[in-house]
Amino acid sequence: MMRRFFLKRLKRYSLLLMTPSLLLLVALFIINSTTQLRSLKRDSGQAVDSIRRGFNAIYEDTCYQQNMMTVNPQLTLSLRKILMRGRSSYSDYVFLNSMKSILQSAASSHPSIHSIYLYIDGYENFLASSDGVRPLDNYFDAAWLAQYEGLPAGTDNVVVRRVIPASAYQREYSVLTIFQRMTYIRGVIVINIEQSVFSNSIAAYLPYPESALRICADDGSELLRIGAYPSGDAAGDPDPGAEPGFVRIVNRRFLRAFSHDDHLSLDYSLLLPASVVWAKVWSGIAAPLLMVLLVAVLTFILAWWTTRQNFRQIDEVIRLFDAAEKCTLTAEPLHPTQISDEYDLIINNVIRSFMNTTFLDKQLAEQKYQKQVAELTALQLQINPHFLMNTLQTLDFEVCKLTNSFHSPLNNIIANLSDILRYSLASVNAPVTVRDELENVQKYVEIQNFRFPDTIFMDYDVDDACLALPFKRLLLQPLVENSISHGIRPTLRPGHIRVRIAVRGGWLAVSCTDDGAGIPREKLESLRANLSRGDGGTSIGLNNVNRRLVLNYGEQSGLRLLSHPGLGTCVKFRMPLDGPGA
């Protein structure tokens, strides 16, 4: 029976979980394949265009410099005289050096340029960037002249593949030679591009390691091949004018990008194997496919677990009912479940009722314990103040015996401490006035002045009309204590504290200002933030005062802190005159 229920749940969960996952996988595959193909086409197209522009830049930069050189009549005249090997003046020699420098700079500006020749029709000599003026009849590389003279009429430029033979000082080079007729005189500029160097520079533009490039002339002759490009006539290259996309070459499919150079009449064809394309497409959906497999596994586990759990629940319901009848029900932990069927509902209701009863019993016991602790604490607080008062009174008498005086500084300190303690431990609801709070502050300052003589100077700026107004107990003394501890004492010099109390527009305004060390900006911002959150951090006194003000009068009565390092600190607050009394 359990197997039958398991198969039923597996079918239902598969429809609920696997169907959306498979649909999502198909959608992601379509989106990813479209995106990847578009990206690969774009990258291949940009790469072949970059290669075309790079090759064209070599041609254009070199031809531009030579045209700028030959447009100068003086340079042209000097060049003719030098190429005729006639007598040349010093100025012609200077012009020759200038032209050689121009040729050499053009060759050095592009590392792939092997050499540049400058030739005027009908002359027996030519100018080479590497060797200067050389005769055609005995120069090791003169085969180019026949190729140039064989150019059809009206052809301004052409690119051929040839070999520069070895000489006494250099090895043999395979080059791509560009023939460009001069614009202003009858002659030609010959640009020899070393194939190996040019191929290495082009390889950096290939978007993927598996990419292959082929450069052909208009007549179909191959000039350069880079990578595993299908070779020979069997390659069956498609029409150069065909749209970029997938093509079949030698029973293999490739993604092809194509570009044509109108200036040099060159075709650039870039191929990327279809296997690489589909590998990148599948790599993009590897994670979603793994997620679908994971969902399938989780579906199987979920169907098995829920079936097994439900059969356990049946046994658990029988056990709970039996224990309830025998009054032996215990807080035995059960497996947590969600309410998805009637078994879950019954078990959860039984457990909830039992746990609620237990929780209520524990709450009653906890409240009883807390009440006992509060009573003991209250009794202890009643005992401690009396003990402290009696002890201080005994100390006062002993000091009188030792000093034979009732008005010694020690007697005054003990009396002030007794008054401060009595004031602090009085009932919270006992009313006080501004005068009471000021007297308590004065007694506290007297004790501090005894500890630190000639250090603390107080200034009380209080309106007489404020003295009888109701006030909250121990709001001012923590502020003065904070000014002494954190404002004046760190400076190691005497300091002044001004307490100002006045009535302003229905509010009792209170401020405590010192000329002590002040608070750095970062610490001041942190202290303000802590007070606004009700967390004073290390400033327990300020936080206590602020919380009492906010609880009694609202946020508008909270503490305000103003400070500047080296100048002092001012702490302000205000209380409504019609607010609750002390």
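Where does S129 lie?

## A buried serine in a loop

In this predicted model, S129 is found in the loop that runs between strand β2 (125-128) and strand β3 (132-135). Although S129 belongs to a loop, its relative accessibility is 5%, and because buried means under 20% relative accessible area, S129 counts as buried. When its neighbours within four places in sequence are set aside, S129 is in contact with L103, Q104, A107, S115 and I116.

## The chain as a whole

The chain has 582 residues, of which buried residues make up 39%, and its secondary structure comprises 13 helices and 18 strands. If one takes the contacts between residues at least 6 apart in sequence, 62% of them join residues at least 24 apart. The area that the chain exposes is about 33300 Å², and carbon and sulfur atoms supply 58% of that area.

## Salt bridges between strands β13 and β15

Side chains of opposite charge can pair when their charged atoms come close. In this chain the count of salt bridges comes to nine, and among them are two that involve strands β13 and β15.

One of these is formed by R498 and D459, whose closest N and O atoms are 2.7 Å apart. R498 lies in strand β15 and D459 in strand β13 (residues 456-462), so this pair ties together parts of the chain that are 39 residues apart in sequence. R498 is partly exposed, with a relative accessible area of 35%, and D459 is likewise partly exposed, with a value of 31%.

Another salt bridge brings together the side chains of D461 and R500, at 3.1 Å from N to O. This pair, too, links distant parts of the chain, with D461 in strand β13 and R500 in strand β15, 39 residues apart. The relative accessibility of D461 is 32%, which places D461 among the partly exposed residues, and R500 also counts as partly exposed, at 30%.

## A network around E222

Salt bridges that share partners join R214, E222 and R225 into one network. Within this network, the side chains of E222 and R214 meet in a salt bridge with an N to O distance of 2.8 Å. Is R214 buried or exposed? R214 has a relative accessible area of 11% and is buried, whereas E222 has a relative accessibility of 21% and counts as partly exposed. The cut-off explains this division, because buried means under 20% relative accessible area and partly exposed residues lie between that value and 50%.

## A positive patch on the surface

Which residues gather in a patch of positive charge on the surface? The patch consists of R504, R560, K572 and R574. Of these, R504 lies in strand β15, which covers residues 495-504, and R504 is partly exposed, with a relative accessibility of 47%. Strand β15 is also where R498 of the salt bridge with D459 is located.

## The loop before strand β15

P490 is found in the loop between helix α11 (477-488) and strand β15, and at 48% relative accessibility P490 counts as partly exposed. Residues up to four places away in sequence aside, P490 touches I484, S485 and A517. The C-alpha atoms of P490 and G516 are separated by 7.8 Å, while the two residues are 26 residues apart along the chain.

Notes. Residues numbered from 1 in each chain as written. Predicted model: local features only at pLDDT ≥ 70, side-chain atom pairs only at ≥ 80, totals over all residues. Heavy atoms only, no water. Patch = residues over 30% accessible without salt bridge, like charges linked within 9 Å, V, L, I, M, F, W, Y side chains within 5 Å. Areas by Shrake-Rupley, 256 points an atom, 1.4 Å probe, with all protein chains shown as cover. Salt bridge = Lys/Arg side-chain N within 4 Å of Asp/Glu carboxyl O. Lys, Arg positive; Asp, Glu negative; His and termini not counted. Charge placed at Lys NZ, Arg CZ, Asp CG, Glu CD. Helix = DSSP H or I, 4+ residues; strand = E, 2+ residues; numbered from the N terminus. Buried < 20%, exposed > 50% of the residue type's maximum accessible area, 1.4 Å probe, protein only. Contact = heavy atoms within 4.5 Å.
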